[in-house]
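Hi,

Here is the structure I said I would pass on. Have a look first, and my notes follow below.

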Amino acid sequence: MSTAPEGATPGFLVWRLSMKWRVAVDRAVAPLGLTHAQYSLVASLYGMQRAGERPSQRRLADRTGLEPLYVSKLARALESSGLVERTRDPRDPRAMQLALTEEGRERTRQAIEVIHGLLEQLLAPLGGLGGARTQEFTRELTTLLDVPLDPTNENLKEQS
């Protein structure tokens, strides 16, 4: 039985699913000393480092969808806990480059494994991570993420 109210809008369902996911990830990575936001940062950084990149905080903000100021705050906290190294970008002294420490890489590998299992649970009704419905769902989510949203848009004001 669904926990979504009858007649729920797509916006409400996206909100509920995102909150369900956020809470589940927070609980899953807490034993590793991470929050969901920190996990998003270190997992993205892990992937970027594996691709040979040492991203700036700004580039990581763009990748994660987090605000640059929040990424800076998270990176400082992760640096204090020994998981991330922040250094000045030699090409732009105003920018900070980020890299996972050895401990950060290990903790991130553990967290990715935990979240992979959680993702399998979430996507089981769609056939799991490799299922055709999951692939279509991923394409649909990507389509929605690519739509620019401007809350100051005049069309939105006219509808109010």
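**Thr108 and the helices around it**

Thr108 sits in helix H5, which covers residues 102-123. Keep in mind that this is a predicted model.

Is Thr108 buried or exposed? Thr108 is buried, because its relative accessible area is just 1%, and the cut-off for buried is under 20%. If you ignore the neighbours within four places in sequence, Thr108 touches Val42, Ala43, Tyr46 and Leu100.

Val42, Ala43 and Tyr46 also turn up in the contact between H2 and H5, so I checked how those two helices pack. The axes of H2 (residues 36-50) and H5 come within 10 Å of each other, crossing at roughly 110 degrees. An angle of 65 to 115 degrees counts as roughly perpendicular, and H2 and H5 therefore fall into that class. On the H2 side, the contact is made by Tyr39, Val42, Ala43, Tyr46 and Gln49. H5 brings Arg105, Thr108, Arg109, Ala111, Ile112 and Ile115 to the contact.

Now to the surface. Leu17, Phe137, Leu141 and Leu144 make a nonpolar patch of about 330 Å² there. Which helix gives the largest share of the nonpolar patch? That is helix H6 (residues 132-145), with three residues. Leu141 belongs to H6, and Leu141 counts as partly exposed because its relative accessibility is 37%, which lies between the 20% and 50% cut-offs.

Let me know what you think once you have had a look.

Cheers

Note on methods. Residues numbered from 1 in each chain as written. Predicted model: local features only at pLDDT ≥ 70, side-chain atom pairs only at ≥ 80, totals over all residues. Heavy atoms only, no water. Patch = residues over 30% accessible without salt bridge, like charges linked within 9 Å, V, L, I, M, F, W, Y side chains within 5 Å. Areas by Shrake-Rupley, 256 points an atom, 1.4 Å probe, with all protein chains shown as cover. Salt bridge = Lys/Arg side-chain N within 4 Å of Asp/Glu carboxyl O. Helix = DSSP H or I, 4+ residues; strand = E, 2+ residues; numbered from the N terminus. Buried < 20%, exposed > 50% of the residue type's maximum accessible area, 1.4 Å probe, protein only. Contact = heavy atoms within 4.5 Å. Axes fitted to C-alpha atoms, helices over the stretch in contact; angles between N-to-C directions. Parallel < 35°, antiparallel > 145°, perpendicular 65-115°, else oblique.
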